[in-house]
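Trainee: Could we go through this structure step by step, beginning with the overall layout and then turning to single residues?

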Amino acid sequence: MRSDVFNIAKTAIDAGIDGWIGRPAGITMGFKLAAEFSRHGLLEEVEYCVSGESWKHRRYRGRIVQADPDIDEYDFFFGMRIS
């Protein structure tokens, strides 16, 4: 991924987080964008225990990050997909 494309996406995500009102929403992003965040060391691995089961997730600035193969490589959105 070109560094300028990554920086634009990161800046937009940071602005979304900074301007978010209400409960924190997760971030769904394309695989290549998630891989770039990981390569830059921006994704923190966290473990949750739900009903005795351990689940590992990655998060960025307190928001769970989910890589989604159904969106474009560099796209992202906050919250859940509606369609």
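The questions and answers below move from the whole chain to its core and then to chosen residues.

Trainee: In what pattern do the helices and strands follow one another along the sequence?

Mentor: Please keep in mind that this is a predicted model. The chain has 2 helices and 5 strands, and what remains is to place them in order. Read along the sequence, they give the pattern α-β-α-β-β-β-β.

Trainee: What is the radius of gyration of the chain, and how does the globule rule help us to judge it?

Mentor: The C-alpha trace spans about 40 × 30 × 25 Å along its principal axes. For 83 residues the globule rule gives 12 Å, and the value for this chain is close to that, so the chain is as compact as a globular protein of that length. The radius of gyration itself is 13 Å.

Trainee: Which element gives the most residues to the largest nonpolar core?

Mentor: In soluble globular proteins, nonpolar side chains tend to be buried together. Here the largest nonpolar core has 14 residues, and I13, I27, M29, L33, F37 and Y60 touch the most other members. The elements that give two or more residues to this core are helix 1, strand 1 (27-29) and helix 2 (31-39). With 4 residues, the element that gives the most is helix 1.

Trainee: Which residues does F37 touch, if residues up to four places away in sequence are not counted?

Mentor: F37 is one of the core residues that touch the most other members. Leaving out residues up to four places away in sequence, the residues that F37 touches are F6, K10, I13, M29, L42, L43 and Y60.

Trainee: Does D14 count as buried or exposed?

Mentor: D14 is found in helix 1, which covers residues 3-19, and beyond its neighbours within four places in sequence it is in contact with Y60 and R61. The relative accessibility of D14 is 15%, and the cut-off for a buried residue is under 20%. D14 therefore counts as buried.

Trainee: With which residues is G79 in contact, leaving aside its neighbours within four places in sequence?

Mentor: G79 lies in the segment after strand 5 (76-78), and with a relative accessible area of 25% it is partly exposed. From G52 it is 27 residues apart in sequence and 26 Å apart in space, C-alpha to C-alpha. Leaving aside neighbours within four places in sequence, the contacts of G79 are A25, G26 and T28.

Key: Residues numbered from 1 in each chain as written. Predicted model: local features only at pLDDT ≥ 70, side-chain atom pairs only at ≥ 80, totals over all residues. Heavy atoms only, no water. Buried < 20%, exposed > 50% of the residue type's maximum accessible area, 1.4 Å probe, protein only. Contact = heavy atoms within 4.5 Å. Core = buried A, V, L, I, M, F, W, Y, C linked by side-chain atoms within 4.5 Å. Rg over C-alpha atoms; globule rule 2.2 N^0.38 Å.
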